[in-house]
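Me: Please give me a close look at the salt bridges here. I'd like the individual pairs first, then the fold around them.

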Amino acid sequence: MTLPTISPLLEEHRGLGATFTDFAGWQMPLKYRSELTEHHAVRSTAGLFDLSHMGEIDITGPQAGAALDFALVGELSKVGIGRAKYSLMCNPEGGVIDDLVIYRLADEHFLVVANAANVPVVAREFALRADGFDATVHDRSAQTALIAVQGPAAHAVVQALTPDAQTDTVAALKYYAVTRAVVAGIEVLLARTGYTGEDGFELYVAAGAAAPLWRALADGVAAVDGAPAGLACRDTLRLEAGMPLYGQELTAATNPYEAGLGKVVRLTKDFVGRDALQQLSEQPVRRVLTGLRGTGRRAARAGYALHHGDADNPVGLVTSGALSPTLGYPIALAYLDAELATPDTEVTADVRGRREPFDVTPSQFYRR
């Protein structure tokens, strides 16, 4: 049996009384006191997350951009220095291996952030796909910690810990951008992407410096009545924002078009999976990832079947669902037969043998 991988912040979480869970082989904090309290803290002030289970892979060299263009569905060679881009790695059949955020740190240096469960396969695929390019692939996940501050007060928390000479740099950092900075006297790579629907920052730091950085940020978050936040509230936050989760909305059995991500695919270049995706782009989409709003009180969870009218045959499948802490009603993401995936279409979810009513709605349930 493989033992869970340990975050460099494990002792910090224990000191805060965290409840732990095994996530993608990592022992990570599920919650500290209450996932509802943590969820509302992120929406109202700020939450502090340990995301050290995510993977960080460097792609460097004169042809790093070209290698990424071949490895992923997007044109990463056109990303400007200091900017970030969301993209997908697909298999030759067009299925999604992982969804990724790629930062361009320098002309010949890209940082790829992969989902925890997929780091080994993504690193291996990058090494294979970079073969023949003048580019080097280096997985530095084990040496890197990742901490995020999310919420309306996130900017104030981070800026208060930066030197006066860098406050303007932090203030000017745009969405999907990245810069080098000093926070609490520690060198970090500071990004502004986020996975909660709120403003926020991600701080990439050497694993050995993670604990003092966490403590400084935790003090700053506490000063604005925020809280450390675990994976439980991270899931409800991202669901409210309509953001897909690999392993649920995205898998090797799904393709970008049915997931609503066809806009990130660039068929004008050569890349792994291009021929299959070209064919898929020319065919009607049979199922669509869509949002569902419950008109009752019971939430539909992942794996629950969807029905239309009185028919017994399922017309879709829920991939994520919860009672929204912010909105106060059940919400879900689901793959639904394309002809039914229009707003206000009524469907029912089989919730433990009882059909609960839901309306089809755009998948971004919450906007700040």
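**Salt bridges and their setting**

Reply: There are 17 salt bridges in the structure, where a salt bridge is a side-chain nitrogen of Lys or Arg within 4 Å of a carboxyl oxygen of Asp or Glu. Bear in mind that this is a predicted model, in which local features need pLDDT of at least 70, side-chain atom pairs count only at pLDDT 80 or more, and totals for chains, interfaces and linings use all residues. Residues are numbered from 1 along each chain as its sequence is written, and side-chain values use heavy atoms, with hydrogens and water left out.

Let's begin with E35 and K31, whose side chains meet in a salt bridge at 3.5 Å, N to O. E35 is partly exposed at 34% relative accessibility, and K31 is partly exposed too, at 25%. Here buried means under 20% relative accessible area, exposed means over 50%, and partly exposed is in between, using a 1.4 Å probe and protein chains only.

R104 and D107 make another bridge, with the closest N and O atoms 3.4 Å apart. Its two ends sit in contrasting settings: R104 is buried, with a relative accessible area of 10%, whereas D107 is exposed at 52%.

Then there's E125 with R129, where the closest N and O atoms are 2.9 Å apart. Both residues belong to helix α4 (residues 119–129), and they are 4 residues apart, about one turn of the helix. Helices (H or I, at least four residues) and strands (E, at least two) are DSSP runs, numbered from the N terminus. Both E125 and R129 are buried. Elsewhere, R43, E198 and E240 are joined into one network by salt bridges that share partners.

Follow the chain on from α4 and you meet D131, in the loop between α4 and β9 (136–139). D131 is exposed, with a relative accessible area of 66%. Its C-alpha atom is 29 Å from that of L245, a residue 114 positions away along the chain.

While we're in the loops, have a look at the backbone. Most residues other than glycine have a negative phi. A184 has a positive phi near 55°, and lies in the loop between β11 (178–183) and β12 (186–191). D225, also not a glycine, has a positive phi of about 65°; this residue lies in the loop between α7 (210–223) and β14 (227–228). A184 is partly exposed at 31%, while D225 counts as exposed at 65%.

Now zoom out. The protein has 9 helices and 20 strands. Its radius of gyration is 21 Å, close to the 21 Å that the globule rule gives for 368 residues, so the protein is as compact as a globular protein of that length; the radius is taken over C-alpha atoms, and the rule is 2.2 Å times the number of residues to the power 0.38. The C-alpha trace spans about 65 × 50 × 45 Å along its principal axes. Buried residues make up 55% of the 368.

Back to charge for the last bit: the mean positions of the 32 positive and 43 negative charges are 3 Å apart. Lys and Arg count as positive and Asp and Glu as negative, with His and the chain ends not counted, and each charge is placed at NZ of Lys, CZ of Arg, CG of Asp or CD of Glu.
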